[in-house]
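Work through these exercises with the model open beside you. Try each task before reading its solution.

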Amino acid sequence: MEQNKQKNILEIKRYPDSILRKKSLSISEIMLKDVELLEDMLLTMYTLNGIGLAAPQVGCSVQIIVADVGEGPIKLINPRIVKAKGEDKLTEGCLSVPDINVDVKRPYEIIIEALNGKGEPVEIKADGLLARVIQHEIDHLKGRLIVDYMGMIDKMKLMKLNKNRRQS
Ligand code: NI
């Protein structure tokens with residue numbers, strides 16, 4: 001008999017879906033559905049060759065993110081940046097904003113407090129790519145997207161692209 005629930009690949013919400021702009025709720029008590037969501041998000045991220053994913057991107061307005069920059073899966077609940085240091089500029093993409101790349105300045109090194117996938121409090125020190133991905137995903141929990149870091153000209157190009165998409 002199958003004891004584990006079947007994992008699902010979830011549908012990615014795309015810009016300008018309004019759920020991507022909502023502030024996510026923190027989780028006070030971890031339930032089975034949250035654990036299942038973490039697993040489904042990881043499967044979805046790996047399937048789409050992403051390196052990070054936030055719950056609002058799959059239609060759930062809760063403070064859950066996953067990431068893997070090649071060092072193994074990271075699951076974080078209610079993540080909070082408690083320290084940030086340095087500065088780094090890198091081009092970012094987002095599964096919810098396909099075909100768009102934006103240069104984003106962010107701190108290079110961060111310390112995060114969160115709950116892990118088992119609901120235990122953890123403190124994580126991250127730098128480089130992992131720090132970047134975690135900050136990008138925490139942005140999602142606040143309703144912030146890479147388009148918010150765009151300059152005026154790039155934003156106009158994006159609006160034109162969206163217009164063309166609607167027409168086709
Ligand atoms: Ni994203």
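Which residue of β2 does leucine 53 stand opposite? Leucine 53 stands opposite valine 66.

A word on the basis of the values. This is a predicted model, in which local features need pLDDT of at least 70, side-chain atom pairs count only at pLDDT 80 or more, and totals for chains, interfaces and linings use all residues. Residues are numbered from 1 along each chain as its sequence is written, and side-chain values use heavy atoms, with hydrogens and water left out.

**Exercise 1. Lay out the sheet**

Task: find the order of the strands in the open sheet, then its edges.

Solution.
- Start with the terms. Strands (E, at least two residues) and helices (H or I, at least four) are DSSP runs, numbered from the N terminus. Two strands pair if DSSP finds at least two bridges between them.
- Read off the order. Five strands form the open sheet as β1-β2-β3-β6-β7, with antiparallel pairing.
- Find the edges. β1 (52–54) and β7 (121–127) each have a single partner strand, so one side of each is left without a neighbour in the sheet.
- Add the twist. Neighbouring strands are turned by 40 degrees against each other on average, direction ignored. Axes are lines fitted to C-alpha atoms, for helices over the stretch in contact, and angles run from 0 to 180 degrees between N-to-C directions.

**Exercise 2. Follow the pairings**

Task: trace the bridges of β2, then those between β6 and β7.

Solution.
- β1 and β2 pair in the antiparallel sense over three bridges.
- β2 and β3 also run antiparallel, joined by four bridges. Here isoleucine 65 has leucine 76 of β3 as its bridge partner.
- Now look at the turn. β2 and β3 form a hairpin with six residues between them, and glycine 70 in that turn has a positive phi of about 100 degrees.
- β6 (residues 109–115) pairs with β7 over seven bridges, antiparallel. Glutamate 113 has glutamate 123 in β7 as its bridge partner.

**Exercise 3. Place the helices**

Task: which strands does α1 lie across, and which does α2 touch?

Solution.
- α1 (residues 32–47) lies across β1, β2 (64–67) and β3 (74–85), at about 35 degrees to β2.
- α2 packs on the sheet and touches β1, β2, β3, β6 and β7. Its direction makes about 155 degrees with that of β2.
- Check burial next. Buried means under 20% relative accessible area, exposed over 50%, and partly exposed in between (1.4 Å probe, protein chains only). Among the buried residues of α1 are Leu37, Leu38, Met41, Leu42 and Met45.
- Ask what covers them. The cover includes β1, β2 and β3, where contact means heavy atoms within 4.5 Å.
- Turn to β2. Ile64 and Val66 point one way, Ile65 and Ala67 the other, and all are buried. In a regular strand the side chains alternate between the two faces of the sheet.

**Exercise 4. Inspect the nickel site**

Task: which atoms coordinate the nickel ion, and where do the donor residues sit?

Solution.
- Donors are N, O and S atoms within 2.8 Å of the metal (3.2 Å for Na, K and Ca); water is not among the atoms, so sites may look incomplete.
- Cys94 (SG), His136 (NE2) and His140 (NE2) coordinate the nickel ion at 2.1 to 2.2 Å. Their spacing in sequence is C-x41-H-x3-H.
- Cysteine 94 is in the loop between β4 (88–92) and β5 (102–106), while histidine 136 is in helix α2 (residues 128–141), 42 residues apart.
- Both are buried: cysteine 94 has a relative accessible area of 11%, and histidine 136 has 9%.

**Exercise 5. Test for a disulfide**

Task: why does cysteine 60 not form a bond with cysteine 94?

Solution.
- A disulfide is a pair of cysteine sulfur atoms within 2.5 Å.
- The closest cysteine sulfur to that of cysteine 60 is in cysteine 94, 16 Å away, too far for a bond.
- The disulfide count is zero.
- Cysteine 60 is partly exposed, at 26% relative accessibility.

**Exercise 6. Check the backbone**

Task: compare asparagine 49 with asparagine 78: buried or exposed?

Solution.
- Asparagine 49 lies in the loop between α1 and β1. Its phi is positive, about 60 degrees, although it is not a glycine. Asparagine 49 is exposed, at 69%.
- Asparagine 78 is in strand β3. Its phi is positive too, about 50 degrees. Asparagine 78 is buried, at 18%.
- Finish with the cis peptide bond. Tyrosine 15 and proline 16 are joined by it, with omega about 10 degrees. Proline 16 is in the segment before α1.
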